[in-house]
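Here's a quick walk through a few local features of this protein. Have the chain open next to you and follow along.

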Amino acid sequence: MCNKENVETMKKIVLAAASLLVGISAFAQADDPVIMKLNGKNVTRSEFEYSFNKNNSDGVLDKKTVEEYVPLFVDFKLKVAEAESQRIDTIAAIRKELDGYKEQMVIPTLVDSAFIEREARKTYDNTAARFEGQDLLTASHILVLLRQDATSEQEAAGKARIDSIYNVLKAVPKEQLADKFAELAKETSDDKGSAQRGGALGQFGKGMMIPDFENAAYALQAGEMSAPIKSTVGYHIIYMTDRHPFEPYEFHHDNIIKFLEQRGIKEASANAYVDSIATLQGKTRAEVIDELHQQILANDAEQKYLSQEYYDGTLMYEVTKKDVWDKAQQDVAGQEAYFNAHKKDYAWDAPRFCGIVLHAKDAATIAKAKKVLKGVAEDDYAKTVTSALNNDSVKLVRVEKGIFKRGDNANVDKLVFKQKTELKPMKDFPATDVFGKTAKAPRSVKDVRGQVTTDYQNMMEKQWVDELRKKFSVEVYEDVVKTVNKH
């Protein structure tokens with residue numbers, strides 16, 4: 001059933017849609033020639049310009065000319081075409097990610113100020129009702145803590161202590177009472193939190209303090225001090241700094257709005273707005289979001305291309321990961337063959353130390369570690385030594401594993417490469433040594449696995465793109481390319 005507010009919401013949507021149609025028509029009539037056709041799909045000059053200008057803005061190190069950028073753009077779009085041919089955009093997880101992006105674009109545009117104002121008023125009214133017309137109080141206190149199971153002797157001692165403090169305060173002139181009260185609160189109060197603030201409790205109202213304390217506080221006027229009173233936590237002396245009626249809504253309005261915004265009221269208002277439209281039109285939430293998203297794209301070219309970029313980027317990443325990156329990562333034999341065919345590309349300009357840096361509690365532990373490591377394969381150095389010398393409660397050794405060149409590690413520089421540097425022991429592990437060997441060149445693909453994997457991926461990706469250029473049709477209109485950023 002629709003209420004009056006839902007009807008008003010629907011009116012706003014209809015009017016918004018009508019105004020957007022004007023933008024759609026104007027946008028469609030703009031002079032925006034096709035710059036290329038990929039797999040039968042037109043790419044307009046404005047879309048290409050958006051991508052080119054964004055990726056060649058100030059601060060970009062490797063700027064391209066328009067002519068240099070065209071093949072890069074084509075390759076990118078071909079990957080998207082391949083993803084679509086594999087229906088990657090229909091995979092549930094990808095669909096969810098793309099729909100989530102649409103919602104992120106749409107929701108901020110639908111903030112309902114009337115909804116937020118209603119929630120602000122509701123927040124104020126609920127708070128005001130809780131105070132039942134009573135004043136807001138600003139007070140300080142001094143507490144002598146008393147356990148509920150205190151003996152009569154402990155209770156008498158607590159009473160004597162609070163009376164002593166009270167007698168000191170009673171002798172203070174009224175104009176000095178606030179300062180003296182804060183001073184004694186810091187020195188004597190058992191409420192250590194408020195004591196640091198001179199006993200200040202901040203502002204409070206009805207129902208926010210324990211009853212005995214609250215009753216005594218409400219009996220005071222600003223500038224007055226209570227006699228010692230007893231509550232469930234001990235003895236108090238209360239000083240009333242200020243009291244006044246709960247202010248009107250207008251006084252608290254801005255702070256309430258800030259409070260609600262910190263808790264996502266804008267998103268809540270937009271979500272309520274979408275849900276209301278869905279109910280009125282008998283559509284799903286996703287359908288409404290999609291329609292609103294399309295309206296935004298039709299009226300805002302930058303948002304249109306930003307959204308297209310996100311869609312294309314998501315599909316490009318997924319298909320490249322699936323068809324190239326993951327395959328190259330898992331193809332150990334292919335990496336090794338690539339390394340053997342390109343060994344000269346991985347030559348080192350200086351020797352490397354291949355092994356571990358040992359950090360131990362003492363020199364004796366270092367000796368034990370080296371003994372344990374004799375005959376162990378290099379890949380197992382770290383696991384072997386830590387398993388042998390460490391346990392859950394006692395850690396005798398720490399290990400840094402790697403292939404180190406000069407400058408990578410101060411301890412390797414000192415102990416292996418004989419540089420004039422200082423050892424840098426690890427905190428709590430003063431003894432430092434190394435275990436391993438030096439090598440003049442990579443001994444196998446393992447020594448340069450990361451670099452080889454990257455190069456192998458790049459080779460596979462190039463071959464893959466060459467195949468995509470054969471699979472999909474590509475037409476680039478050079479006469480339009482020459483007009484990029486010149487019209």
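## A loop valine and its surface patch

Start with Val233, which sits in the loop linking β5 (229–231) to β6 (234–244). Keep in mind that you're looking at a predicted model, not an experimental one. Is Val233 buried or exposed? Somewhere in the middle: its relative accessible area is 31%, so it's classed as partly exposed.

That matters for what comes next, because a residue needs over 30% relative accessible area to be part of a patch. Val233 teams up with Leu145 and Ile210 to make a nonpolar patch on the surface, about 220 Å² in area.

## The three-stranded sheet

Now move along to an open sheet built from three strands, in the order β8-β7-β9, with antiparallel pairing. β8 (397–404) and β9 (431–439) take the edges, and each has a single partner strand, so one side of each has no neighbour in the sheet. Going from one strand to the next, the twist averages 15 degrees.

How many bridges join β7 and β9? Nine, with β7 covering residues 352–360 and the two strands pairing in the antiparallel sense. If you want a spot to zoom in on, try Ile356, which stands opposite Phe435 in β9.

## Helices lying across the sheet

Which strands does helix α15 lie across? This helix, residues 363–373, lies across β7 and β9, and it runs at about 30 degrees to β9.

Helix α16 covers residues 381–389 and lies across β7, β8 and β9. Its angle to β8 is about 175 degrees. Since angles are taken between N-to-C directions on a scale from 0 to 180 degrees, that value means α16 and β8 run in nearly opposite directions.

## Two residues with positive phi

Some background for this part: most residues other than glycine have a negative phi. Two residues here go the other way.

One is Glu132, with phi near 50 degrees. You'll find Glu132 in the loop between α5 (113–131) and β3 (136–145). Its relative accessibility is 57%, so Glu132 counts as exposed.

The other is Asn485, where phi is near 65 degrees, again a positive value in a residue other than glycine. Asn485 lies in the segment after α19 (478–481). At 41% relative accessibility, Asn485 falls into the partly exposed class, because exposed means over 50%.

Key. Residues are numbered from 1 along each chain as its sequence is written. This is a predicted model: local features need pLDDT of at least 70, side-chain atom pairs count only at pLDDT 80 or more; totals for chains, interfaces and linings use all residues. Side-chain values use heavy atoms; hydrogens and water are left out. Patches are made of residues with over 30% relative accessible area and no salt bridge: like charges are joined within 9 Å, nonpolar side chains (Val, Leu, Ile, Met, Phe, Trp, Tyr) within 5 Å. Accessible areas come from the Shrake-Rupley method with a 1.4 Å probe; for residues, only the protein chains shown count as cover. A salt bridge is a side-chain nitrogen of Lys or Arg within 4 Å of a carboxyl oxygen of Asp or Glu. Helices (H or I, at least four residues) and strands (E, at least two) are DSSP runs, numbered from the N terminus. Buried means under 20% relative accessible area, exposed over 50%, partly exposed in between (1.4 Å probe, protein chains only). Two strands pair if DSSP finds at least two bridges between them. Contact means heavy atoms within 4.5 Å.
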